[in-house]
Amino acid sequence: MEKNLRSRLLLVLIVIIGLLPLNVFAASPDLGKVRLLDHSSGRVKEYISAHITLGGDDVVTDVPAIIYIEWRNNVQYSRTLVPIRAITEQLGAKVTWDNSTQTAHVYYEGKDIALTLESDTAYVNGKAVALPDGIPAKLMSYNGVNRTMVPLRFLSEEMGLNVGWDSISNVIKLNRPLQRIENISYSKNDGVEEFVITASDKVSYVDYFVDGTGLNRDSKIVLKVGNVVLAEDKIATDSNGNVVKQINQGAIKNFIAVQKTDADVPEVEMEINLSKARGYEIKEAGNQLIISLNNSVSEIYVENLIGEEYIVAKATEEPVFKVSKWPEKNKYIVDIMGTKLENAGEGIQELAINNKAIKKVTYAQLDAKEIYGEGKWVTRIVLELADFRDADKVEVKPLGTQLLIHLDKKVGEKPIEYYALDKKSSLLKILAKNAKNQSIYYDRDDNILRVKINKEDAALTKNTFEPDDQRVSRIEVGESGDYYNVKVYLSRGVSYSQEYSQTDALAFRIYTENRIVRTDKGRKLIVIDAGHGGKDPGAISPIDGTKEKDVNLKFALRLQQLLENNGFDAYLTRSTDKYLGLYTITDIANDLKADAFISIHANTAQNSSAKGIETLYGQSPLYAKAIHRNIIKMTGATDRGIKTRMDLAVIRTSDMSAVLIETGFLSNREDLKNLHDNEYIDKLNQGILNGLLEYFALE
Ligand SMILES: [Zn+2]
């Protein structure tokens with residue numbers, strides 16, 4: 001009896017002082033509980049998965065980190081096990097495997113740490129060290145992938161890392177040893193603005209960009225440096241202990257560094273506040289972080305708009321460009337000033353274009369100093385023309401952060417033009433003489449704009465265009481008798497206004513209506529998060545291999561358009577296949593002071609008959625109910641209900657109403673078919689929209 005009590009006490013103590021409490025959940029909702037095969041016992045067991053960050057950056061692994069539990073003499077021991085490479089790879093440690101002794105060696109900063117499978121003794125530089133709680137390295141497999149799993153805290157501490165735990169989001173935080181930030185400086189050299197952050201030694205950080213363009217909000221570059229403090233004896237701080245530098249140069253407003261002490265690991269959050277979008281690059285140089293503000297061109301490609309090809313250069317900020325001509329070589333040259341070309345590759349790249357007037361399009365990264373005698377970089381795009389007389393007809397126009405270059409194939413006879421003016425409007429232009437005498441009808445019931453043009457006044461051809469645009473689904477040109485009939489199919493929530501500035505063309509501005517009650521910040525802002533992305537595929541369909549991250553993105557892109565078309569502002573945390581940190585997602589929503597947050601996910605289950613939709617929430621049941629009820633109503637899907645999940649960082653750490661929608665099961669044939677079907681996706685999204693309208697009407 002007495003012995004039993006002692007064991008119980010011991011158990012309680014171990015749970016309290018042990019590595020981590022047992023209620024550690026995966027940050028990713030799809031990884032709450034996981035089943036792994038333990039090779040030593042040959043048995044598959046269920047474990048709680050753990051989420052780990054290293055220097056603030058999420059550690060995403062093919063085999064999840066788990067809370068491993070072992071009972072010995074009625075005492076429970078628990079330790080976090082993690083695939084060995086999860087930690088070693090990011091730190092640049094070398095790992096070798098000795099098959100004869102079943103031992104992994106980690107070589108890092110002069111240390112040799114040896115861990116043998118199923119052995120409770122490790123060797124550090126040849127010296128035996130008992131593993132905490134006697135829990136050994138183990139060979140385990142998950143979804144058929146074998147990994148050497150090692151005790152996380154032991155290996156991390158031997159490698160000199162600080163191990164912390166964020167109890168709010170249930171995340172294990174690994175960091176380099178505590179450092180001090182001793183200096184922050186700003187300079188402008190060669191036209192490039194730079195912030196240099198000097199620490200006592202190497203630090204780890206995560207960064208992200210908040211684009212406030214068109215949202216009545218500032219844009220900002222955010223840098224979070226883990227396990228550091230501001231050295232108040234070396235650096236000037238204000239009365240709140242923060243560093244504030246007023247810059248007021250160009251787009252840069254100020255720089256703010258705030259000491260965060262709420263988590264158990266001190267962190268400094270830095271913000272460069274901007275009046276408009278700016279590109280940036282961060283370099284690590286020893287104990288310094290150098291943030292350079294410079295425009296970069298992420299992509300150059302050819303886009304087809306209503307049968308016309310446009311060369312598009314996508315930049316991180318508004319492009320500044322210079323045009324020059326080289327008639328002897330038939331070359332028309334566009335230089336995008338002060339830009340670095342990402343993935344520039346070696347030498348000159350070529351673009352395929354299907355335009356007889358243009359023989360060749362090439363682009364390259366060049367040194368601006370060689371060409372202009374100043375500045376750093378330019379991205380050069382060169383059009384080699386078939387006939388240089390066409391050079392006057394080349395159009396180069398900036399559109400937000402893009403630069404569009406266009407040479408019409410049928411110069412001078414461009415009967416219909418349709419292009420985006422900005423995020424919320426497009427221009428439709430139809431060449432026609434006597435513009436004022438043509439007839440225009442608009443029918444609110446079918447939302448079709450009809451234009452009747454006398455054949456004598458225009459030269460159109462029967463055709464149908466489908467612009468890649470959510471404002472207009474189709475433009476049809478038909479004929480009847482002496483007239484051309486142009487039908488413009490407007491999407492829901494889209495309207496038009498006629499521009500009367502031209503006499504030999506009909507011009508219409510087509511725009512998304514503002515129908516929602518405005519807040520003091522403008523329209524209601526909804527942040528949409530397409531779950532997972534980049535290195536994290538999310539769930540994978542056991543039926544056809546579909547990755548959850550791709551399904552989530554498709555939903556999110558279509559939802560953004562739908563919300564924009566219905567009077568909301570909608571911000572995507574990602575619009576491409578990239579990874580965003582677990583904390584970054586809600587940081588963005590919080591920084592933007594969004595009115596509501598929606599994270600889109602898809603499920604999987606062992607049991608292939610599991611199907612339907614569930615909505616997870618943190619602190620906003622009314623919001624979750626409104627969204628969920630409307631989604632079920634629109635889709636008729638199996639209703640798995642709303643569930644509170646306080647452990648999910650992605651909804652828990654947001655300041656606004658937040659939900660995470662599990663849209664269906666990739667492991668169920670019927671759900672999978674729906675998740676591949678745009679019509680179904682649009683129905684579900686319509687449910688979300690209806691839910692938002694209902695929720696905000698309640699306010
Ligand atoms: Zn997911």
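This report describes the domain division, one interdomain contact, one sheet and one loop residue of a predicted model.

**Domains**

The protein is divided into four parts, listed below with their residue ranges.

| Domain | Residues |
|---|---|
| domain 1 | 14–175 |
| domain 2 | 179–277 |
| domain 3 | 413–513 |
| domain 4 | 525–697 |

Between the C-alpha centres of domain 1 and domain 2 the distance is 34 Å. The contact between these two domains involves nine residues of domain 1 and nine residues of domain 2. On the domain 1 side, strand S13 (162–166) and strand S14 (171–175) each contribute at least two residues. The most comes from S13, which supplies four residues. By character, this side of domain 1 comprises one nonpolar, five polar and three charged residues.

**An open antiparallel sheet**

Five strands, in the order S27-S28-S32-S31-S30, make up an open sheet with antiparallel pairing. Its edges are strand S27 (321–326) and strand S30 (349–351), each of which pairs on one side only. On average, neighbouring strands in this sheet are turned by 20° against each other, direction ignored. Within the sheet, strand S28 (residues 331–337) is joined to the antiparallel strand S32 (residues 377–385) by seven bridges. Val 334 has Ile 381 in S32 opposite to it.

**Lys 433**

Lys 433 lies in the loop between strand S36 (425–431) and strand S37 (439–443). This residue counts as partly exposed because it has 14 C-beta neighbours inside 10 Å. Leaving aside residues up to four places away in sequence, Lys 433 touches Asp 457 and Asp 504. Glu 158 is 275 residues from Lys 433 along the chain, and their C-alpha atoms are separated by 80 Å.

Technical notes:
Residues are numbered from 1 along each chain as its sequence is written. This is a predicted model: local features need pLDDT of at least 70, side-chain atom pairs count only at pLDDT 80 or more; totals for chains, interfaces and linings use all residues. Two strands pair if DSSP finds at least two bridges between them. Axes are lines fitted to C-alpha atoms, for helices over the stretch in contact, and angles run from 0 to 180 degrees between N-to-C directions. A residue is buried if 20 or more other C-beta atoms lie within 10 Å of its own, exposed if 12 or fewer, and partly exposed in between; C-beta atoms are placed from the backbone. Two residues are in contact if their C-beta atoms, placed from the backbone, lie within 7 Å. Domain bounds come from an automatic or database domain assignment. Ala, Val, Leu, Ile, Met, Phe, Trp, Tyr, Cys and Pro count as nonpolar, Asp, Glu, Lys and Arg as charged, and the others, Gly among them, as polar.
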